[in-house]
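I opened a fresh page for this structure and kept short notes as I went. Here they are, in the order I looked things up.

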Amino acid sequence: MASNTIKNKTAAFEMPVADILLESAQYSFDAFVRQFKQKWHIEAEPYKDKGALGMIIDGRVLGCAFIPRPVDDALLLKSARGNVLWLEAAACVAKHKAHLKVAMTREGDPVTAHILFSKVICSLLQQKNAMGVYLRPGLLESSYYKKYAEGILDGKLPAELWVHVNTLGFDSAEGFSLYTSGMRKFGKKEFELLETDSNFIDAFYSLRDLVKYTIENDVSFKDGDTVGSDGNKVLLSVSQGVTIKGVTVKMKM
């Protein structure tokens, strides 16, 4: 898919953190542990104490706390409004009564760590009152997350769950823009697609496919690289970000 690319391996990334939105103020960690072991065939001894659970899995420490109140984050509703992947997100945010706070230490390879984290989140979402998961700034419906996480069983990499594609400027005469949040967790530059009049669905999925390709193949793009087939190549440029801070990879459509 890409030409003139270089490899850039790094183990530095942010700790995986998530909030799981619950429709009611109750949760069974016992049921989670049973489901997690059964689905993923991973043995880990849980440590439970007053609404919290801890596990050591493959040398990584997982912590999960039940909090009997809604998520206290001003950006959550903003993430819900205009959510292109979950149209009912704002209504679900408004009615959630409690949440789980989930975090995992970041030792080792970031891709391996995020695969494990996705397995954990997928199992935590199995209970009926789990509506969705907030992975700042992304907000994903429970069924959507489980669908892609379960692809791990077939050897698929669920990068769609790890990097959020943001949208800007739908009412702009210059066209809309897309940019990513989360590539830095994998030691990569964020992507931007600026002021395009392309079909939104095509642009959204093209950028998301590029995210997945980059993480799956550990690619670091240089200025002037191209992606796509011979008949439909997309030029990439590397420069200071426009919608986000730092140097970004920009694609033109």
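**Entry 1: the seven-stranded sheet**

In what order do the strands of the open sheet of seven run, and how do they pair? I should say at once that this is a predicted model. I traced the order as S3-S4-S5-S6-S2-S7-S8, and the pairing is antiparallel. S3 and strand S8 (138-141) each have a single partner strand, so they stand at the edges with one side left without a neighbour in the sheet.

Next I picked out one pair to look at. S5 and S6 run antiparallel and are joined by six bridges. Here I found Phe66 standing opposite Leu100 of S6.

**Entry 2: helix H1**

I moved on to H1, which covers residues 29-40, twelve residues in total. From first C-alpha to last, H1 reaches 16 Å, close to the 16 Å expected at 1.5 Å a residue. Just after H1 comes His41, and I noted its positive phi, near 55 degrees.

Where does H1 lie on the sheet? I see it across S3, S4, S5 and S6, and its direction is at about 20 degrees to S4.

Which residues of H1 are buried? My list reads Phe29, Phe32, Val33, Gln35, Phe36, Lys39 and Trp40. I was pleased to spot a pattern to keep in mind here: an α-helix has 3.6 residues a turn, so residues three or four places apart point the same way. Then I looked for what covers the buried residues of H1. The cover includes strands S3 (47-48), S4 (52-57), S5 (60-67) and S6 (98-104), along with helices H4 (110-124) and H5 (142-149).

**Entry 3: helix H4 and Ile121**

H4 lies across strand S2 (17-22), S4, S5, S6 and strand S7 (130-135). I noted that H4 runs at about 160 degrees to S6.

I chose Ile121, found in H4, for a closer look. Is Ile121 buried or exposed? Ile121 counts as buried because its relative accessibility is 0%. Leaving aside neighbours within four places in sequence, I find Ile121 in contact with Ala18, Ile20, Val102, Val133 and Tyr145. I also checked Ile121 against Asp19: they are 102 residues apart in sequence, with 9.5 Å between their C-alpha atoms.

**Entry 4: the largest pocket**

What is the volume of the largest pocket? It comes to about 1000 Å³. The lining has 43 residues, and those closest to the centre are Arg136, Pro137, Gly138, His164 and Asn166.

I then asked which elements supply the lining. Helix H2 (74-80), H4, S7, S8, H5, strand S9 (164-168), strand S10 (176-181) and helix H6 (200-217) each give at least two residues. The largest share, five residues, comes from S9.

**Entry 5: the six-stranded sheet**

S9 led me to another open sheet, this one of six strands in the order S9-S10-S11-S15-S14-S13, with mixed pairing. At its edges are S9 and strand S13 (226-227), each paired on one side only. H6 packs on this sheet, touching S9, S10, strand S11 (191-196), S13, S14 and strand S15 (247-251). The direction of H6 makes about 25 degrees with that of S10.

I followed the pairs from the S13 edge inwards. S13 meets strand S14 (residues 234-240) in the antiparallel sense over two bridges, and Thr226 has Leu235 in S14 as its bridge partner. S14 and S15 are also antiparallel, over five bridges, and I found Leu236 opposite Met251 of S15. Six residues sit between the strands of the S14 and S15 hairpin, where Gly246 takes a positive phi near 90 degrees. S11 and S15, by contrast, pair in the parallel sense over three bridges; Phe191 has Val249 in S15 as its bridge partner.

**Entry 6: strand S15 and Lys250**

Why is S15 described as largely enclosed by the rest of the structure? The reason is that four of its five residues are buried.

I ended with Lys250, which lies in S15. Lys250 counts as buried because its relative accessibility is 8%, and the cut-off for buried is under 20%. Not counting residues up to four places away in sequence, Lys250 touches several residues, among them Glu192, Leu194, Leu235, Leu236 and Ser237. Lys250 and Leu236 are 14 residues apart along the chain, and their C-alpha atoms are separated by 5.5 Å.

Note on methods:
Residues are numbered from 1 along each chain as its sequence is written. This is a predicted model: local features need pLDDT of at least 70, side-chain atom pairs count only at pLDDT 80 or more; totals for chains, interfaces and linings use all residues. Side-chain values use heavy atoms; hydrogens and water are left out. The expected span of a helix is 1.5 Å times one less than its number of residues. Buried means under 20% relative accessible area, exposed over 50%, partly exposed in between (1.4 Å probe, protein chains only). Contact means heavy atoms within 4.5 Å. Two strands pair if DSSP finds at least two bridges between them. Axes are lines fitted to C-alpha atoms, for helices over the stretch in contact, and angles run from 0 to 180 degrees between N-to-C directions. On a 1 Å grid over the protein atoms alone, a cavity is a set of points where a 1.4 Å probe fits but cannot get out, and a pocket is an open set with protein on both sides within 12 Å along at least five of seven lines; lining residues have an atom within 4 Å of a point. Grid points are joined across faces, edges and corners, and a volume is the space filled by probe spheres set on the points.
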